[in-house]
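Here's a quick briefing to read alongside the model. Have the sequence and the 3D view open as you go.

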Amino acid sequence: MTGFDVIVVVDWSGGNDRGPKPKADAIWVGVQDKDGQTQTYQRNRLVAEVFLDALIADHRRKGHRVLIGFDFPFGYPQGFGQALTGSEDPLAVLGWFEDRIEDTAKANNRFDIAGEINRTFGQGRGPFWANGLDRDIDGLPRRKTDYVNPFPDRRACEDRAKGTFTCWQMAGAGAVGSQVMMGLPVLARLRRKHGARVWPFEVLDTDVALVEVWPSLTAGPAPNGMIKDQWQVKEVARQIAGLPAADLSQMLDVDAPVEGWIFGLGFEDRLKSAPPALSNDCFALPQGVHWTPVDEALDMLKTRLSPVTGTETVGLNDALGRICAADVVALRANPPLPNTAVDGYGFAGGKGPGAHALPLAEVRAAAGDAPSDLPDGHAMRVLTGAALPTGVDTVILQEDVTVAGGKVRFNGPVKAGANTRKAGEDVTKDMQVCAAGSRIGPAELALMAATGVARVNVRTGLRVGVLSTGDELVNAGEEAAAGQIFDANRPMLLGLVDGFGHDAVDLGCSPDNRAALRAKLDAAAGRVDVILTSGGASAGDEDHVSALLRDAGAMALWRIAIKPGRPLALGLWQGVPVFGLPGNPVAAMVCTLVFARPAFGLLAGAGWATPQGFDVPAAFEKRKKAGRREYLRARIREGRAEVFASEGSGRISGLSWAEGLVELPEPASDIRHGDTVRYIPFGSFQ
Ligand code: AMP
Ligand code: MG
């Protein structure tokens with residue numbers, strides 16, 4: 001992660017304690033590291049500082065580098081700091097406030113300090129204004145009328161960042177004056193305690209960098225149901241973490257010796273080039289449709305989903321199974337030089353029919369030798385893989401010659417160029433060897449290595465959380481009361497996700513209880529990129545997955561014309577897509593293979609993949625009704641597709657018996673032995 005192992009973004013607050021329940025306008029801390037994201041609510045500055053202190057200490061112990069962005073100005077406009085402290089050093093301002101600010105959860109002296117500064121510099125009428133308290137403060141005007149500011153109103157960076165507030169305004173919606181005053185002492189303490197460096201005043205040569213950010217620069221609106229501050233710290237942490245190292249160092253390289261600067265100003269496009277968030281209506285269905293055909297459902301997923309994973313550069317040893325983030329081209333041709341395909345004797349040009357005898361040169365060429373020179377009219381010993389010496393363009397197999405008395409004898413004809421490989425006949429330099437979106441397998445590793453590619457830009461893994469829901473479920477191995485069953489879906493779905501090549505994350509099991517399920521989804525949303533639930537997806541009393549997603553305002557119940565499978569609940573939870581599968585294990589597996597698998601491919605940056613099927617004769621009979629597509633558990637024996645005896649959606653044994661699915665299209669059909677049916681092996685879904 002671009003020189004830093006952890007990116008932390010803090011939405012700071014200048015106000016008092018906000019209570020235990022997560023709220024807007026309090027402090028939110030977003031953390032992004034290799035394992036994912038979390039956002040935590042901090043009810044006041046004191047607990048936030050303790051939290052940050054522990055977080056930094058923990059990462060320093062692990063040898064990690066931490067970048068922490070705070071959303072308040074780290075400096076005041078030109079001239080103020082020097083007037084206040086008598087020093088040109090912007091860090092002196094941090095110390096000045098640290099010495100004077102008194103802060104508790106319930107009260108602090110920021111307005112008094114503002115009044116004191118105004119009495120010293122601005123005849124009691126500036127530079128600070130707005131008093132958030134009931135009591136009057138000598139020197140601090142309540143309104144901006146009659147305001148006098150002996151210093152510039154804005155910093156240079158604020159002139160460029162539309163919508164920023166000045167650090168002189170101490171109260172009122174959006175004011176940052178209080179945040180600065182209550183934040184600078186914290187910077188000073190983190191700096192002293194952890195050797196943190198304060199950007200852009202200091203060189204970032206320790207493990208901890210403190211950087212000024214302004215989330216509104218790039219964060220965009222929050223998804224439905226999510227607190228804006230939480231969303232912003234999540235989004236900005238993700239954006240910074242997704243920056244290529246070169247971009248990050250360029251963006252940190254600013255010259256703002258006393259006023260400070262807003263990180264990313266002028267580079268908004270780069271920050272926003274981290275994959276975009278999915279839109280709230282990405283799962284909306286057309287009005288008035290009752291049963292959506294499978295292909296239409298697939299088309300909708302295909303057009304509305306986009307990659308959500310970031311990118312990183314890894315060495316070839318770590319690239320197996322990863323998805324290429326950008327096209328990769330050959331750095332060198334393969335083969336790089338013309339060479340011999342066999343062990344034999346090389347010479348110049350083709351030879352006509354009849355006997356030939358060529359004097360054998362002393363030189364010899366083996367694989368790895370730099371090309372030598374062959375004297376005119378001679379032949380020389382060459383070994384497989386040797387670059388052709390100058391003067392050799394044709395090779396004869398050693399089995400076809402006799403060598404005696406310093407001569408190589410053979411019978412023609414021999415075609416010019418025989419038994420040689422041309423330079424670049426496999427791959428030319430700059431030819432594409434791996435396309436963006438393709439998964440890197442052993443063959444791709446060979447191709448990249450052969451063409452000199454040692455490092456490759458790949459997608460970060462798609463983290464798929466798997467959650468079971470249902471009061472009846474217990475884990476295998478646990479005590480099951482009467483009426484309870486063992487959770488079969490979770491191990492199955494974790495296995496499927498793993499087989500698709502994504503990072504499967506076990507989210508456990510939730511009872512049929514809205515609060516518990518909400519807590520599970522909340523915790524999951526910070527940790528994973530997509531959530532796969534089973535059970536509770538329909539519209540019944542105990543179908544809490546769909547109920548919660550509906551409340552969050554970003555969900556659709558897809559009634560798809562498919563058997564097996566009841567409705568799929570598709571929605572976004574805090575911007576994270578949720579695939580709500582039916583609880584029946586057979587339906588859960590079929591819907592995962594048919595819908596979730598290609599959708600996950602898109603989210604992962606691998607593009608959309610349709611499984612390959614084969615037309616084979618049926619070894620079964622079936623009358624199928626019109627109107628929906630059916631998938632039967634099937635396998636091939638003696639070239640024919642046989643299907644499992646029962647179509648029961650709870651028959652897990654049939655899933656295990658099967659090796660693939662027979663896909664029967666929507667129209668009615670009367671299938672007889674020997675009729676052609678479409679068979680898709682499970683392997684085609686990997
Ligand atoms: P639901 O979709 O929640 O109404 O569940 C439909 C059926 O699937 C019920 O018989 C459930 O008991 C069963 N079921 C739900 N989740 C699981 C699971 N994780 N493992 C096995 N069976 C399940
Ligand atoms: Mg249920």
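**Around the ligand**

A backbone N or O atom of Gly 536 sits 2.9 Å from an oxygen atom of ligand 1. Keep in mind that this is a predicted model. The rest of the ligand site comes next, then one of the sheets and the domain layout.

*Ligand site*

- Taken alone, ligand 1 exposes 490 Å², and the protein buries 77% of that.
- The side chain of Glu 472 also gets involved: one of its N or O atoms is 2.6 Å from an oxygen atom of ligand 1.
- Asn 584 joins in through its backbone, with a polar atom there 3.2 Å from an oxygen atom of ligand 1.
- There are 14 residues around ligand 1, and Glu 472, Asp 487, Ala 488, Gly 536 and Gly 583 come nearest.
- Sorted by character, the shell around ligand 1 has five nonpolar, six polar and three charged residues.

*Sheet*

- Six strands make up an open sheet with mixed pairing, running S3-S2-S1-S4-S6-S5.
- Strands S3 (36-42) and S5 (197-198) are at the edges with a single partner strand each, so one side of each has no neighbour in the sheet.
- S3 pairs with S2 (residues 27-33) in the antiparallel sense, over seven bridges.
- Within that pairing, Val 29 stands opposite Thr 40 in S3.

*Domains*

- The domain assignment splits the chain into domains that include domain 1 (6-72 + 194-273), domain 2 (80-86 + 99-183), domain 5 (463-603) and domain 6 (614-685).
- Between the C-alpha centres of domain 2 and domain 6 there are 74 Å.

Methods:
Residues are numbered from 1 along each chain as its sequence is written. Chains are lettered from A and ligands numbered from 1 in the order in which they are written. This is a predicted model: local features need pLDDT of at least 70, side-chain atom pairs count only at pLDDT 80 or more; totals for chains, interfaces and linings use all residues. Side-chain values use heavy atoms; hydrogens and water are left out. Domain bounds come from an automatic or database domain assignment. Two strands pair if DSSP finds at least two bridges between them. Helices (H or I, at least four residues) and strands (E, at least two) are DSSP runs, numbered from the N terminus. A residue is near a molecule or strand if one of its heavy atoms lies within 4 Å of it. A polar contact is a pair of N or O atoms within 3.5 Å; within protein, one must be able to donate a hydrogen and the other to accept it, and residues adjacent in sequence count only if both atoms are side-chain atoms. Accessible areas come from the Shrake-Rupley method with a 1.4 Å probe; for residues, only the protein chains shown count as cover. Ala, Val, Leu, Ile, Met, Phe, Trp, Tyr, Cys and Pro count as nonpolar, Asp, Glu, Lys and Arg as charged, and the others, Gly among them, as polar.
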